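Q: Could you take a close look at one part of this protein for me, the pockets and the pieces around them? I'm new to this, so please walk me through slowly.

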Amino acid sequence: MSEMKERMHKGELYLPWDEEIIKEQFAYLDKLREYNMVKPSEVEKRKEMLKDMLGDCGEGVYIEAPFYSNFGGHHCHFGKNVYANFHLTCVDDTHIYVGDYTMIGPNVTIATAGHPITPALREQAYQYNMPVHIGRNCWIGAGAVIMPGVTIGDNTVIGAGSVVTKDIPAGVVAVGNPCRVMREVGEHDKEYYFRDRKMPEELKAELS
């Protein structure tokens with residue numbers, strides 16, 4: 001293993017144009033291109049391809065095409081019943097972890113890669129990577145951007161268009177740029193599913 005490849009998963013500065021890294025990356029990207037060319041009606045074929053492409057792929061994982069990923073999803077670890085809508089972008093230069101039952105809206109970006117602020121190092125194309133952890137049963141709203149090194153707790157909702165730059169705890173609704181906790185998920189959410197729309201009684205009974 002090359003020195004640069006060893007650095008890429010340790011949060012250390014490295015050069016991503018390393019020959020060994022690029023050779024491996026292109027092989028994963030070729031698989032991703034094939035995935036994006038599969039017909040929408042070929043659902044089972046997509047599911048089988050995801051099992052081969054992703055670092056971990058639980059039962060019931062489905063990602064709408066087009067799906068974009070620096071390493072073809074090879075560094076993405078998805079639990080069971082994860083659903084991602086159109087145009088998910090995973091900058092998976094290092095590992096991205098997504099828990100069971102999490103839903104990801106369209107045009108979401110999950111980024112692990114960063115570059116030094118110092119201009120001289122950027123000229124040399126130095127990079128570092130920090131893993132992202134998204135908990136179980138989260139909802140990531142459309143157009144959200146999740147930055148390197150962020151952890152999002154279980155059962156949390158990230159509002160559409162949010163830019164998540166810091167850790168977000170479990171069981172909250174968080175929105176904005178930068179993303180901040182707005183409130184906890186609580187009893188109100190068992191009464192109303194959207195604004196003044198009341199929860200059907202049969203579903204309320206399941207929640208009690």
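**A look into the pockets**

A: Let's start with the second largest pocket: sorted by class, its lining has four nonpolar residues, one polar residue and four charged ones. Keep in mind that this is a predicted model. The residues that line this second largest pocket are V185, G186, E187, D189, K190, M199, L203, E206 and L207. Helix α5 (188-191) and helix α6 (201-207) each supply at least two residues of that lining, and α6 gives the most, with three residues. As for volume, the second largest pocket comes to about 180 Å³.

Now for the largest pocket, which holds about 600 Å³ of space. It is lined by 18 residues, and the closest to its centre are W139, V157, V173, D189 and Y193. You've met D189 already, since D189 is also in the lining of the second largest pocket. By class, the lining of the largest pocket splits into eleven nonpolar, four polar and three charged residues. Which elements help to build this lining? Strand β19, helix α5 (188-191) and strand β20 (192-194) each bring at least two residues. Of the elements, β20 gives the most, with three residues.

Let's follow β19 a bit further. This strand covers residues 180-184, and none of its five residues counts as buried, so to speak: β19 is hardly covered. Its neighbour is strand β18 (residues 172-175), which runs antiparallel to β19 and is joined to it by four bridges. One bridge pair to look for is V173 with R183 in β19. And yes, that's the V173 listed among the residues closest to the centre of the largest pocket. Together, β18 and β19 make a hairpin with four residues between them. In that turn sits G176, with a positive phi of about 105°.

Finally, let's zoom out to the whole chain. The protein chain contains six helices and 21 strands. Its C-alpha trace spans about 60 × 40 × 20 Å along the principal axes. A compact globule of 208 residues would have a radius of gyration near 17 Å, and the chain has 19 Å, which agrees. Of those 208 residues, 40% count as buried. And if you take the contacts between residues at least 6 apart in sequence, 25% of them join residues at least 24 apart.

How values were computed
Residues numbered from 1 in each chain as written. Predicted model: local features only at pLDDT ≥ 70, side-chain atom pairs only at ≥ 80, totals over all residues. Heavy atoms only, no water. Buried < 20%, exposed > 50% of the residue type's maximum accessible area, 1.4 Å probe, protein only. Pairing = 2+ DSSP bridges. 1 Å grid on protein atoms, 1.4 Å probe; cavity = no way out; pocket = protein on both sides within 12 Å on 5 of 7 lines; lining within 4 Å. Points joined across faces, edges and corners; volume = space filled by probe spheres on them. Nonpolar A, V, L, I, M, F, W, Y, C, P; charged D, E, K, R; others polar. Rg over C-alpha atoms; globule rule 2.2 N^0.38 Å. Contact = heavy atoms within 4.5 Å.
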